[in-house]
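Me: Please take a close look at one charged side-chain contact in this model. Then set it among the other contacts, and say which parts of the chain each one joins.

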Amino acid sequence: KNGKEKHLPDLPDLPSPRVNGQNLADFFYLSSGENPADFDQPNVASINKSTTNGKSSSKKKKTKATNGKKGVGSDGESPGETGAIAADVVRDNIFRLNQLEGAVHMPCSIQYSGFHPPPSGRRLMGDIAYLEVTIAGEEDGSDIIVSITACNNGFYVNRSTRVGGKRRFDPSPAPKPYFSHTLLDCVLQASPALAGMWSAVLEAAKERSEILAKINKGAFATLFRLAIRGSVGGFADPAIAMKSSVALDATLNAPSWLVSVPAAKDKEGGVWNRNACHGYHTGRAEDDLSQTFGVDVRSGALRDWNEELQLAREMPISTLYERLDRARVIHKTMTEFGEASLVGVKAICDGHIAPMNPNEGTRTQVYLHNNIFVSRALDVGPETFRLVKGDRAAKKSASREIQCIKTFHRMENSGFHTLATVLVDYLGSRFICQSILPGILQGEKSHTILLGSVDVEIPMKCDPEFQDLLKEKIAEPLNLLSRPVYASPLTEERREECKKLKKASLLVADVEPNGDAEIDKEETMETCSPLETKGIQGSDQRKYLLDFGRMTPRDANWVPQKQGGTGKWEGLTKSKTSGIPNDLEDEEWTMNVLRPELVNQWIRSLVSKYIEQKRKEHAEASAKKRSEKGESVGNGDADKKERETSAEGSHQPEAKEEEEKFKVTEEEQRAVTDNLKLNVNVFLPDVRVVEPEQMKLDEEKAREAASFLWDEVLPRVTRAIRERGLSQVPIDGKTLTELLHRNGVNCRYLGRLASLAHEEEEKDSKIEDDLKNGRLAVFSRRTMPLSWLELLECEMVARAAKHVLDSYFFARGGAAAAQPAQLVASFLSALISEREETAAQTENRVSKRDDSTPDEEDFLGLSAYDVGGGGDALPLPTRSRTEIWQDIELEIARRFRYSLKLFNKGNKSGRAIHVPLLRRVCQRTGIRLAAKNYDIGAACYTDG
């Protein structure tokens, strides 16, 4: 017994029956493996009493104290192997730590005086700055303002005064100047009350450091403390309560979608709202006025992001330590570049940064800020050479380019360079943030185009040396074919369309396009890269690859059958009420390409079949050779049976030896793989073809790869889920995406996987019914897990909801993005509800509202959406639940070609999982929620 107590940990306690998994306040702890009952907040009077006495509360909890885990106790014992913290530590230390957070803050503010900066006369006398120190907490409740002069020797109180509304400037020393070399000593001498507060602050800081040293026994303990302290115990100051979530974000890699609600309690025991959490601070206004939006003005020059990144990638990698140093530098540079891009995009959306082309429309405006080039992922028309048309295709093209850049980053010493690129989705718009290509802003002579074209009317260029390097470093590893293409690849109809669009543009109406006589329309070139790719040699003599958007051919399953597609989707029977389109005519599907993992699987399967066929032929030839040898030595029919028996025994070692001699040479394997290389420029619209017959063969190989995905990979994934053949079944959208990508399946096939899962569930249901009725005696051991279809539909709804929400933000010039809280709240309310709220329910809910809650109609009367006049030019940002779910189902039908079976069906089966759906939507859209008890799965509050 003693041995068990010493070596075996206690079993964890099950959550108490009152814990509700639909309550996000409890879900915040349940998702971390903790029991919410162990973190009940103690009595407010107990907290106030402990604050008054300066001692930690020792009130015992009614719930179990340890949650089955050994941790750091009040006596300072070290945590157990699990690294978890016991509930008694939360009771004895976290509460007191939260109280000390308010005690270490002094009621004092320091800011520049209105007389700052010093005039030239006073500057010559050594004055550096004039400060105003506001000291609160005097006996009569008024604040004292102390004017201080900062000079070369230190700080002193000056004679500047304020009487009523008048101010008098006199920077000379006061009768009691309290001169000191440090500002703190000067202020403490000027205010005895502040000096007493400072002594109390030092004592509180000492006690806080002792508590932190006792609690922080590891990384998990530190993270646990930051995660729970915002919602446990409460803070004495609401402004301090908000810092708990900030500290948690600073610890995590990515911000969490769910944060605990900061509990801030006033002296009467009430609870502040979020308005009280925003404290008064005059320095915050000065910081906002001096905001540089990510630009470091103190360094003297803007950061050259591109040079930093290229130098980091060119670091040596001969040893492990050199590779680690190189990875650290690249990670640091890209992280800082991403943060600067995010700050710049927010400033652009807020209107703080002027575009480089202010005379053009908002869609085509580009920005240059902090040496970062920012543009919108939209179809800007014929000004640039792109094959895709439409905003959706342009948005997907940007994400495809990011995937290619990631692949190039993993290819060491390829001879090519890529720009630092970050995609930012903000309020319905996608922004492309890139570092500046050296020489691109200094004119055409400072950089050289080696491959591609930047205008639809200019023929593409192809440098032979650049093309050879592209074949060796890019085409060979990625199994890309090199094919001849026209230097002016667009069809005549597309060229005429671009000319009309240019003439219609006010900015280029007076510009004459290049004459057709100057262009040789029959000029050809050979390339293995996408037609939109651009190779540019910058002023730093590095060769950069831009707009490389495809490493694999277009997915033939998403190509219309009349244009050469497989016809897999068109061949499926669809319900007339499902909303699934009858064809695949969509501009966005132009950017639907196969995944590299699928191409590798397809090549490996064909090579395996080739080797198996060669082995079979070799075995047949060997058997034939042995049989001929046996017949040549035969002598009559009398002993034929005996000779066959002896020959069979004697030939077994020979067959084994022949099998061991069989081997496919490397040259043969290379010849097979060379025949399986793919052309990335197949199934492209509005493109002329140089060799039509060869293009048909390339398209046939692309169709074979797409059919391999449809006929073999998707059923194999479904069988693996049914037979539990995977090492780990996905549990959320992220692991589901990783599983599909690992098997070469794009997420656009979620609808097909869900259809296969639904078919398997119907088979299981039929088998179960036959068993109950005695019509079946033998059945399969495995059944399709119900969680698989639930997870697939949850991921489809989350992805479709993101696109629908983006369209709401982007609609009508982005009017809803000005105050997104209403739109987001109504959208999420409709998403996690099962029905509309009736008029009687609305009236009953409004009648129970207290006077402190603002009325919705009064709020709309103050908003920009209620403009009067009875017009409908600017509708309300909220939409009804029916409208929101109708848009989501239409998007699922268009994007995944699937009709929902579980969600938005009244949840009669109980399989519509709302909390995981809410979590996934927040993760994909960047929405953060407070961990409160929402009415999940009930009626929707918004009625449009």
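Reply: Start with Glu-585 and Lys-562. Their side chains meet in a salt bridge, with N to O at 3.7 Å. The model is predicted, and this distance is computed from its atoms. The two partners are 23 residues apart, and the pair links distant parts of the chain. Glu-585 lies in the loop between β17 and α17 (596–632). Lys-562 lies in the loop between β17 and α17 as well. How exposed is each end? Glu-585 is partly exposed, at 43% relative accessibility. Lys-562 counts as exposed, at 72%. The cut-off for exposed is over 50%, so a value of 72% passes it.

Next, the charged network. Asp-586 and Glu-588 belong to a network of salt bridges. Its other members are Lys-396, Glu-891, Arg-894 and Arg-895.

Aromatic rings come next. Trp-558, Trp-569 and Trp-589 share one aromatic cluster with Trp-710 and Tyr-749.

Now the strand named in the loop's description, β17. This strand covers residues 543–546. The sheet is open, has 4 strands and runs in the order β13-β12-β16-β17. Its pairing is antiparallel. β17 is an edge strand, and so is β13 (461–462); each pairs on one side only. The partner of β17 is β16, residues 534–537. The two pair in the antiparallel sense over 4 bridges. In that pairing, Lys-534 stands opposite Leu-546 of β17.

β12 (448–452) leads to a surface feature. The loop between β11 (429–435) and β12 holds Ile-440. Ile-440 is partly exposed, with a relative accessible area of 36%. Together with Met-356, Leu-368 and Leu-441, Ile-440 makes a nonpolar surface patch of about 320 Å².

Other salt bridges can be set beside the starting one. The whole structure holds 48 of them. One is Lys-471 with Glu-526, where the closest N and O atoms are 3.5 Å apart. This pair also links distant parts of the chain, 55 residues apart. Lys-471 sits in helix α15 (residues 464–478), and Glu-526 sits in strand β15 (residues 524–527). Lys-471 is partly exposed at 28%. Glu-526 is partly exposed at 37%.

Another salt bridge joins Asp-170 to Arg-168, with the closest N and O atoms 3.7 Å apart. Asp-170 is buried, with a relative accessible area of 19%. The call is decided by the cut-off: buried means under 20%, so 19% qualifies. Arg-168 is partly exposed, at 45%.

The aromatic contacts remain. The structure has 12 aromatic pairs. Among them, Tyr-130 and Phe-169 sit edge-to-face, 5.3 Å centre to centre and with 65° between the planes. Tyr-130 belongs to strand β2 (residues 127–135), while Phe-169 lies in the loop between β6 (166–168) and α6 (183–190), so the pair ties together parts 39 residues apart in sequence. Tyr-130 is buried, with a relative accessible area of 2%. Phe-169 is partly exposed, at 31%.

A further pair is Tyr-808 with Phe-827. The ring centres are 6.1 Å apart and the planes stand at 80°, so this pair is edge-to-face. Tyr-808 lies in helix α23 (residues 786–810) and Phe-827 in helix α24 (residues 820–831), so the contact ties together parts 19 residues apart in sequence. Tyr-808 counts as buried at 7% relative accessibility. Phe-827 is buried at 1%.

Which charged end sits over the ring of Tyr-808? That of Arg-879, 3.9 Å from the ring centre. A further case of this kind involves Tyr-486. The charged end of Arg-688 sits over the ring of Tyr-486, 4.1 Å from its centre.

Back to the starting point. The bridge between Glu-585 and Lys-562 has both partners in the loop between β17 and α17. One partner, Glu-585, is partly exposed; the other, Lys-562, is exposed.

Key
Residues are numbered from 1 along each chain as its sequence is written. This is a predicted model: local features need pLDDT of at least 70, side-chain atom pairs count only at pLDDT 80 or more; totals for chains, interfaces and linings use all residues. Side-chain values use heavy atoms; hydrogens and water are left out. Two strands pair if DSSP finds at least two bridges between them. Rings of Phe, Tyr and Trp (its six-membered ring) pair if their centres lie within 6.5 Å; planes under 30 degrees apart count as stacked, over 60 as edge-to-face and the rest as tilted. Buried means under 20% relative accessible area, exposed over 50%, partly exposed in between (1.4 Å probe, protein chains only). A charge sits over a ring if NZ of Lys or CZ of Arg is within 6 Å of the ring centre and within 35 degrees of the ring normal. Patches are made of residues with over 30% relative accessible area and no salt bridge: like charges are joined within 9 Å, nonpolar side chains (Val, Leu, Ile, Met, Phe, Trp, Tyr) within 5 Å. Accessible areas come from the Shrake-Rupley method with a 1.4 Å probe; for residues, only the protein chains shown count as cover. A salt bridge is a side-chain nitrogen of Lys or Arg within 4 Å of a carboxyl oxygen of Asp or Glu.
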